[in-house]
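Q: I am new to this structure and would like a close look at a single part of it. Please take me through its enclosed space and the residues around that space, and then through any places where the backbone departs from the usual.

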Amino acid sequence: MRADLVKAAARRGGVLTRATALQIDARHVIDDALAAGVFVRLFPSTYALAEMATNRRVQQRAAWTFVPGSALSHLDALDRWGLLPAETYRHSALRVDQPRVGEPIRLTARGEQWEVNAAGLRVTRRRWFLPEPPMVRRREGIQLVRLEQAIVESWPLLPPLDRRMPLIVALRDRRTTATRLQSVLALQPRTAGARELRTMIELVAGGCHSELELWGHRKVFTSSRLPRSRAQVPIDLPTGRVYLDRYFDEEMVAVEMDGAAYHGAPGQRERDLRRDAALSRLGILVVRYSHQRLHREPANVVAELAETLRMRRAQLRGWRAAN
């Protein structure tokens with residue numbers, strides 16, 4: 001009966017193959033269900049319940065079911081890892097509530113497997129790929145390429161303003177390491193933008209944990225007018241450990257970069273003041289620069305910071321001489 005087919009598809013995330021359907025019911029029952037619009041054919045001999053067929057997650061499952069020995073990859077894997085940038089997700093063909101248009105569902109499989117030529121599907125074949133751990137992970141009943149491969153593969157597919165965020169979040173939250181990312185990139189040296197990606201991995205691993213910090217590193221803190229500084233330096237306060245955006249050790253000066261969104265939140269200004277006061281009791285001078293100033297006046301920020309550091313060195317020499 002048709003109801004048995006519907007139940008079987010529901011148990012499989014809304015997807016049913018013809019081979020499985022034939023184990024449940026007769027051929028004519030399956031064909032009648034398709035003709036009646038109960039099921040929609042997404043790929044050859046691979047169907048989805050009609051009310052779920054425009055859901056990207058269901059389409060991903062159907063594609064993976066259609067290609068044995070494969071794993072979701074690129075943006076689709078990044079989506080499943082929870083790292084697809086929100087704006088990309090909202091405005092692209094990856095919206096789970098929209099029909100599949102534009103961006104095809106992407107899978108990775110071994111190079112010697114049979115060719116796939118289906119609308120809305122792209123299979124990348126890699127000779128070194130094995131559809132088993134540690135190269136794949138299973139989440140929500142479906143195989144994905146490992147997080148590091150999803151980040152590397154998605155790099156050239158994301159808009160320039162979005163592509164760094166998955167890398168930043170994954171390293172900042174310790175979901176991966178620079179070594180693991182670099183090892184995957186070494187397997188895919190022809191990745192478009194590989195040189196920039198390699199640089200970003202090093203910068204984020206070195207402590208640049210936001211777009212603002214990356215901007216500051218490139219436009220301010222590498223200036224020859226400034227002494228060497230360190231990023232994301234841990235300091236233990238009575239209220240717990242904090243991380244300084246940049247720290248000049250000799251001058252004991254911390255530079256905090258106030259992001260427009262986070263530091264404009266209600267109550268954040270008061271928390272910043274309490275944190276700065278606690279740092280001052282340790283002898284650390286805190287200098288803050290706004291998102292607007294860092295982006296619009298990097299040269300002025302460098303000049304101002306260089307003068308602050310010069311004066312601070314003089315103050316510390318005087319204090320140490322007197323004591």
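A: In this predicted model, there is one cavity of 30 Å³ or more, and the largest cavity holds about 30 Å³ of space. Its lining is made up of Leu-5, Leu-16, Ala-21, Ile-30, Ala-33, Leu-34, Phe-39 and Tyr-47. Sorted by class, these are eight nonpolar residues, with no polar and no charged residues in the lining. Helix H3, which covers residues 27-35, gives the most to this lining, with three residues.

A charged residue can nevertheless be followed from here, since Arg-18 touches several residues of the lining, and among its contacts beyond four places in sequence are Ile-30, Leu-34 and Tyr-47. Arg-18 lies in helix H2, residues 18-24, and it counts as buried because its relative accessibility is 16%, which is under the 20% cut-off. The side chain of Arg-18 makes a polar contact, at 3.0 Å, with the side chain of Asp-31. The contacts of Arg-18 also include Arg-27 and Ser-45.

Ser-45 leads on to the backbone. This residue sits in the loop between strand S2 (39-43) and strand S3 (46-49), and its phi is near 60 degrees, a positive value in a residue that is not glycine. Most residues other than glycine have a negative phi, and most peptide bonds are trans. Ser-45 has a relative accessible area of 39%, and is therefore partly exposed, as that value falls between the limits of 20% and 50%.

Gln-232 likewise has a positive phi, of about 50 degrees, although it is not a glycine. Its setting is a strand, namely S9, which spans residues 230-237. With a relative accessibility of 16%, Gln-232 counts as buried, whereas Ser-45 is partly exposed.

The peptide bond itself calls for attention at one further place, where Pro-133 and Pro-134 are joined by a cis peptide bond with an omega of about 5 degrees. Pro-134 belongs to the loop that runs between strand S6 (121-126) and strand S7 (136-139).

To return to the part you asked about, the picture is of a cavity of about 30 Å³ with a lining of eight nonpolar residues, and of a buried arginine, Arg-18, that is in contact with residues including Ile-30, Leu-34 and Tyr-47 while its side chain makes a polar contact with that of Asp-31.

How values were computed:
Residues are numbered from 1 along each chain as its sequence is written. This is a predicted model: local features need pLDDT of at least 70, side-chain atom pairs count only at pLDDT 80 or more; totals for chains, interfaces and linings use all residues. Side-chain values use heavy atoms; hydrogens and water are left out. Helices (H or I, at least four residues) and strands (E, at least two) are DSSP runs, numbered from the N terminus. Buried means under 20% relative accessible area, exposed over 50%, partly exposed in between (1.4 Å probe, protein chains only). On a 1 Å grid over the protein atoms alone, a cavity is a set of points where a 1.4 Å probe fits but cannot get out, and a pocket is an open set with protein on both sides within 12 Å along at least five of seven lines; lining residues have an atom within 4 Å of a point. Grid points are joined across faces, edges and corners, and a volume is the space filled by probe spheres set on the points. Ala, Val, Leu, Ile, Met, Phe, Trp, Tyr, Cys and Pro count as nonpolar, Asp, Glu, Lys and Arg as charged, and the others, Gly among them, as polar. A polar contact is a pair of N or O atoms within 3.5 Å; within protein, one must be able to donate a hydrogen and the other to accept it, and residues adjacent in sequence count only if both atoms are side-chain atoms. Contact means heavy atoms within 4.5 Å.
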